[in-house]
Each structure stands twice: as structure tokens, then as C-alpha cells.
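Here is a friendly walk through one chain and its ligand. Take a look at the structure first, and then read on.

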Amino acid sequence: DDDDNPLVERIQTEDGRVHDIHVYQVYLLGMSGTGKCSLIRQFKTTEYRGIYDYSSSVEDDPDNTVSIMLDGVESRLHIINMDIDHLKSSVAGDAYVVVYSITDRHSFQTALQFIKSIRDNELVYNQSPIKRHVPIILVGNKSDLVRKRSVTKEAARHAAFKNECKFIETSAAINDKVDDLLAGTLKQIRINEQFRNE
Ligand code: GDP
């Protein structure tokens, strides 16, 4: 019974039709101060709003679930904010969004350590050879603070490539590329799922 499955939400529309909406777990990792809360706040204003998502209730959703309509299909991303400086134990998500601030080298180094930990955990928990990695998106936030930049795009892009991650720079402050991050995360989850189901 799908009603008991926390990963599928059954929605009945006004005309009586029933839809199953997938709920994915997205871990938001990064040092304190990199902008994770600000990003979540912006996620809730996304242009990719789901059709059954009546916007009024979303604003103060304590659950941090964002509804997204992408390629004609609605999904929900449950954002789990891990405001930490060290990844102590393994976590199991459908995707990981690892945030650093482009003004803070230390937060970048920490982000790379998180990525390494996630990839190491994958090796431990996957018995069979991994056909496809869990999606990780490396996010350089505060892209508006151009003059305070201390992490270059090239360095970050290179690190992302080496670890088979996606990379994007965002600004939660001026809402730049935040929608792209959200849609891109869902896209990566769907691609990953397709491969797993094959
Ligand atoms: P968290 O600790 O990772 O959740 O970070 P917060 O979202 O609380 O942000 C920490 C500080 O950075 C706050 O003062 C935010 O206003 C600021 N901040 C977050 N994102 C941005 C951004 O994109 N640009 C700028 N200039 N400041 C930001």
C-alpha cells in the first residue's frame, strides 16, 4: 500500500483524480555560514512550482519540502539541512547538495572533505560494483560577493569533475541560479533512478 510509503505521496485533486508524487531526500551539507538556510528560503520561491502545490501553505512549512514541476512531472524534494563542520556518520540521501562560500577557502576544503566522505560511504555500502554514483552537486554560494572571492570557478569545476559531481555557483542573496540548482538536483535524481531501474 503506497499510503504507507513515505517516499510516495498520494494526492487527490478536486476532480477526483489520484496522483502519486515522489518524495526524494536531499541532504544539504556545508559549514555554518555558507548560506544553506538562505538557499532553502529561496527554494520555496521557485518558479518550478508543482501544480498541486498551493503556494500559501509552503512559506512556513517546517518540514522543508519543496514541490517542483519538471518536464511535466511533479516531484517533491525533502531538504535536510545539515549545518555541520564535520560529517561524522554516513547519511543516505537520493542526492547531496554540498555548499561552500566562494569567499571562504576553508568552507571549500570542508565541502571537498564531505564529498570524499560520501563517495567513501558509497564504496562501503555497495556490494556490487557501482554502476552509477549518487548525485552530488557542489555549490559555490555568495557569487554576488565578487570582490571577496577566494575560490576560483576553475578550481571548483576541476574538483567537481574529479569527484564526478555537478557544479554550480549561486547567490541566495540575489536569487541567482537558485532555481537552476533546484531543477538540476531533481534532474540528476531522475537520471540516476533511470539507471538503477534498468
Ligand atoms: P547557513 O549557516 O549555512 O544556514 O547560512 P545562512 O543562510 O544563515 O547565511 C549566513 C550569512 O550569509 C547570512 O548573513 C546570510 O544573509 C548570508 N548569505 C547567505 N547567502 C548569501 C549570498 O548568496 N550572498 C551574500 N552576499 N550573503 C549571503
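## Around the ligand

Sixteen is a good number to start with: of the 16 residues around the ligand, those that come nearest are Gly35, Lys36, Cys37, Ser38 and Ala173. A residue counts as near a molecule if its C-beta atom, placed from the backbone, lies within 6 Å of it. This is a predicted model, in which local features need pLDDT of at least 70 and side-chain atom pairs count only at pLDDT 80 or more, while totals for chains, interfaces and linings use all residues. Residues are numbered from 1 along each chain as its sequence is written.

By type, the shell divides into four nonpolar, eight polar and four charged residues. Here Ala, Val, Leu, Ile, Met, Phe, Trp, Tyr, Cys and Pro count as nonpolar, Asp, Glu, Lys and Arg as charged, and the others, Gly among them, as polar. Helix α1 (residues 36–43) gives the largest share of this shell, three residues.

## One side of α1

Which residues of α1 are buried? They are Lys36, Leu39, Gln42 and Phe43. Because they cover an arc of only 120° around the axis, they sit on the same side of α1; the arc is that of the directions from the helix axis to the C-beta atoms. A residue is buried if 20 or more other C-beta atoms lie within 10 Å of its own, exposed if 12 or fewer, and partly exposed in between, with C-beta atoms placed from the backbone.

## The chain and its core

The chain has four helices and seven strands, in the order β-β-α-β-β-β-α-β-α-β-α from the N terminus on. Helices (H or I, at least four residues) and strands (E, at least two) are DSSP runs, numbered from the N terminus. Of the 198 residues in the chain, 35% are buried.

The largest nonpolar core has 40 residues, and Tyr96, Val97 and Val98 are among those with the most contacts inside it. Strand β5 (residues 95–101) gives the largest share of this core, six residues. Such a core is a set of buried Ala, Val, Leu, Ile, Met, Phe, Trp, Tyr and Cys residues joined through C-beta atoms within 7 Å.

## Two unusual loop residues

Most residues other than glycine have a negative phi. Asn175, not a glycine, has a positive phi of about 50°, and Lys177 has a positive phi near 70°. Asn175 is in the loop between β7 (166–169) and α4 (178–197), and Lys177 lies in the loop between β7 and α4.
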